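Morning, everyone. Please have the sequence and the model open, and I'll walk you through a few places in the fold.

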Amino acid sequence: MKKKQIWTVIFSLLWGGLTAQEAISVVLPENPSKEEVIRLATEVRPSYRQLDYQQREMLGFIHIGMNTFTGMEWGTGKESPSLFNPSQLNAGEWVRIFKEAGITGIILVAKHHDGFCVWPSKYTSHTVAHSPWREGKGDLVREVAEACREYDVKLCLYLSPWDMHEKTYGTEAYNDYYIRQLEELLTEYGPVYLLWFDGAGTTSDVSGREMPFDWERIFGRARELQPGVILSGNAPDIRWVGNEKGKGRETEWCVQGIDNNERLFGSLPGYDPTLSDLGSIDDLMKRKRLVWYPSRGGLPLRKGWFYNERDDNTIKSLSYLVNSYFETVGQNSNLLPNLSPGPTGQIPEKDGRRLIQFGEIISRMKRTDYAKGAVVTAIAGWEGETPSDVITDNTPFTSWHTADGTTLAVAEVQLRKPALINVIKLQENVCDFGQRVERFAIDVWNGKDWKEVIQSTTIGFRKMLRLPEPVLADRFRIRFMDARVSVSWGNLSMYYLEQLPGEEEERQKRNAVPSACIRIKLDGITSLSGNEKTLSDGDVHSRWDGEIEKGLAAFILKLDSPRDLSGFSYYPVENGLGHIENYSVRVSTDGKHWGRPVVSGRFGNITNNPVEQIVLFDADHVLYVKFEILSTTSGTKKFSIAECGLLEK
């Protein structure tokens, strides 16, 4: 049997789950040298679960629960189950939309942070069994599971570790409660592909209660019940990319350093998933253990994860969705697009249509791989046999490699005929060699000489690059310019991505009061940078820093003339000092008499999803608006703000 045939058989066994390769991690010695860390980093390997997850590219997300009916992003745990009644819910329709978008797995939020369960859990009364939906006999997890089986889609479940409703949260007893709910989900609904353990509220800085999670026991029980289940989020298989905007890193390493020696780890003190150099050798040298820990980026199609009527005009454009695909899937990560059913249980038609359109664009791109049948020639650096079809067989697990110590390699690609190309995908054989490539470049032959068209860092399981301009050519050169220990190359694909419709990013359609008609005064706030005029200059990319002095702090907005208002807008700053979290809004005709707040609340999840916040209210003949800051996310009373404004009827 030829070498390629042997690898194909091994790959088929692995992919079919018959060979359950577990992940390989490495414990670093004390005070390791840089050379030791580089070598040991290349010994880390993914599990069969992680490999299957990474090749899927995208999983869908469905957020429905108490927040769907209250207009919140994070609830309180005090909501009445009587609110939950999605009377026109059809889980099959949900799954069909994702399937048509080319997505093969769906994550259902079975329990969010408010503790409300969309299945009739025996261990709490805060469930659908005490709601009017299906006359208290409904089970949303079962309906979604059955729909997933019908459409051959993987069932995935989100079970929030943080539970604002459960009284035992914050004590050892909560571990028992949480595991009992896990047991229900893993024994009553068939195979579960992935479990999502969100990290929000698992530390006291958010929840206000320190919870002694027994992660090893929790994850161990999940693996006992379903050995193939993937543990994602605040969990050991898949990590958060660091934002909820569908954006990844150009330099994305699956090999990560942690300070936890447990096989099944949860929270990682000191591990910051938002760092730009995460996984670099300098970063790894500070750690105790190296693990395979690929990332995923979430992407709500709307402003928030849960349905809210005021977000009807915030649906991401096709351009945004495609860009997110290349900034996550194209950069060695995965993408999780979210749909938000409304109070009727139906996914808004525009949302579903947008996701399907996005999926069809990606599907059409992949329909023709111009590298198929190309002749790939080893030019320099490669070791052993280098059969051309190994690189173009659409699997990264048949590969070329260089000898240890050889970190430069070159190959040329001759297509069967000239093709118009603007997307090039490279993959490493991470199953056998881990992740190694640090930097590479792609050249095109223009008839006289080679011209570089793009250069980038890290490949890993998948790097998918969009060229600055399409090129019509039949001859390319791949230059691997740096790597850890050696180079492995498993696959090459070349595509053409159609030009997207000439649409601009869709903004909230509203009647905003012109910024020139608003003057802002600070009350109980010290300015740390700039002039407060920048708060209403119409530039959402500006930044103003402030600090609460003491007592009640507020921005007072004075209009040039009395107006009938419908709301207030607040733009946070993504990488600022902190965000405004709890707030209230009062109005006045004279700036002296304010009365009760016209609206108050919390900007839930604003740290992870710092997008424009719209607060709706109804007030006529208003001359003054007071935006009161009740708390910030920084813990230091410092915060940053880009813009605040008013909406007119």
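I'll go through cores, salt bridges, one helix, a cavity and some backbone angles. Keep in mind that this is a predicted model.

Let's start with the cores. In soluble globular proteins, nonpolar side chains tend to be buried together. Here, the largest nonpolar core has 80 residues. Four of them have the most contacts inside it: Leu108, Leu195, Phe197 and Phe358. Which helix gives this core its largest share? Helix H7, residues 173–187, with seven residues.

Pick out Leu195 and look around it. Set aside its neighbours within four places in sequence. Then Leu195 touches Leu157, Leu182, Leu186, Ala222, Val229, Ile230, Leu231 and Ser232.

There is also a second core, separate from that one. This second core has 38 residues, including Leu565, Phe568, Trp594 and Leu646.

Now the charges. The structure has 38 salt bridges. I'll show you three, then a network.

Take Arg49 and Glu22. Their side chains form a salt bridge, 2.9 Å from N to O. Where do the two residues sit? Arg49 is in helix H3, residues 48–56. Glu22 is in the loop between helix H1 (3–15) and strand E1 (26–27). The pair therefore ties together parts that are 27 residues apart in sequence. Are the partners buried or exposed? Buried means under 20% relative accessible area. Arg49 is at 5%, so Arg49 counts as buried. Glu22 has a relative accessible area of 42%, which makes it partly exposed.

The next pair is Arg249 and Glu252. Their side chains meet in a salt bridge at 3.0 Å, N to O. Arg249 and Glu252 are both buried.

Third, Arg287 and Asp283. In this salt bridge, the closest N and O atoms are 3.8 Å apart. Arg287 has 14% relative accessibility and counts as buried. Asp283 is buried too, at 3%.

Some bridges share partners. That is how Asp443, Glu452, Arg477 and Arg479 are joined into one network.

Back to helix H3, the home of Arg49. How many of its nine residues are buried? Eight, so H3 is largely enclosed by the rest of the structure. The buried ones are Tyr48, Arg49, Gln50, Leu51, Asp52, Tyr53, Gln54 and Arg56. Look just past the end of the helix as well. There, Glu57 takes a positive phi of about 70°. Hold on to that angle, as we'll return to the topic.

Next, empty space. The structure holds one cavity of 30 Å³ or more. The largest cavity contains about 40 Å³ of space. What lines it? The lining is Ile64, Gly65, Met66, Val109, Ala110, Lys111, His112, Asp114, Phe116, Val118 and Phe306. By class, that gives seven nonpolar, two polar and two charged residues. Strand E3, residues 105–111, supplies the largest share of the lining, with three residues.

Let's zoom in on one lining residue, Ala110. Ala110 belongs to strand E3. It is buried, with a relative accessible area of 0%. Ile64 also lines the cavity. Ala110 and Ile64 are 46 residues apart along the chain, and their C-alpha atoms are separated by 8.5 Å. What else does Ala110 meet, beyond its neighbours within four places in sequence? Its contacts are Phe116, Cys117, Val118, Trp119, Val141, Tyr158 and Leu185. Two of these names, Phe116 and Val118, also appear in the cavity lining.

Last stop, back to phi. Most residues other than glycine have a negative phi. Asn31 goes the other way: not a glycine, yet its phi is positive, about 50°. You'll find Asn31 in the loop between E1 and helix H2 (34–41). Exposed means over 50% relative accessible area. Asn31 is at 73%, so it counts as exposed.

Asn332 has a positive phi as well, near 65°. Asn332 is in the loop between helix H11 (318–328) and strand E11 (333–339). Is Asn332 buried or exposed? Buried, at 3% relative accessibility.

One recap before we stop. Remember the core of 80 residues, the bridge from Arg49 to Glu22, and the cavity with Ala110 in its lining. Thanks, everyone.

Technical notes:
Residues are numbered from 1 along each chain as its sequence is written. Side-chain values use heavy atoms; hydrogens and water are left out. A nonpolar core is a set of buried Ala, Val, Leu, Ile, Met, Phe, Trp, Tyr and Cys residues joined through side-chain atoms within 4.5 Å. Buried means under 20% relative accessible area, exposed over 50%, partly exposed in between (1.4 Å probe, protein chains only). Helices (H or I, at least four residues) and strands (E, at least two) are DSSP runs, numbered from the N terminus. Contact means heavy atoms within 4.5 Å. A salt bridge is a side-chain nitrogen of Lys or Arg within 4 Å of a carboxyl oxygen of Asp or Glu. On a 1 Å grid over the protein atoms alone, a cavity is a set of points where a 1.4 Å probe fits but cannot get out, and a pocket is an open set with protein on both sides within 12 Å along at least five of seven lines; lining residues have an atom within 4 Å of a point. Grid points are joined across faces, edges and corners, and a volume is the space filled by probe spheres set on the points. Ala, Val, Leu, Ile, Met, Phe, Trp, Tyr, Cys and Pro count as nonpolar, Asp, Glu, Lys and Arg as charged, and the others, Gly among them, as polar.
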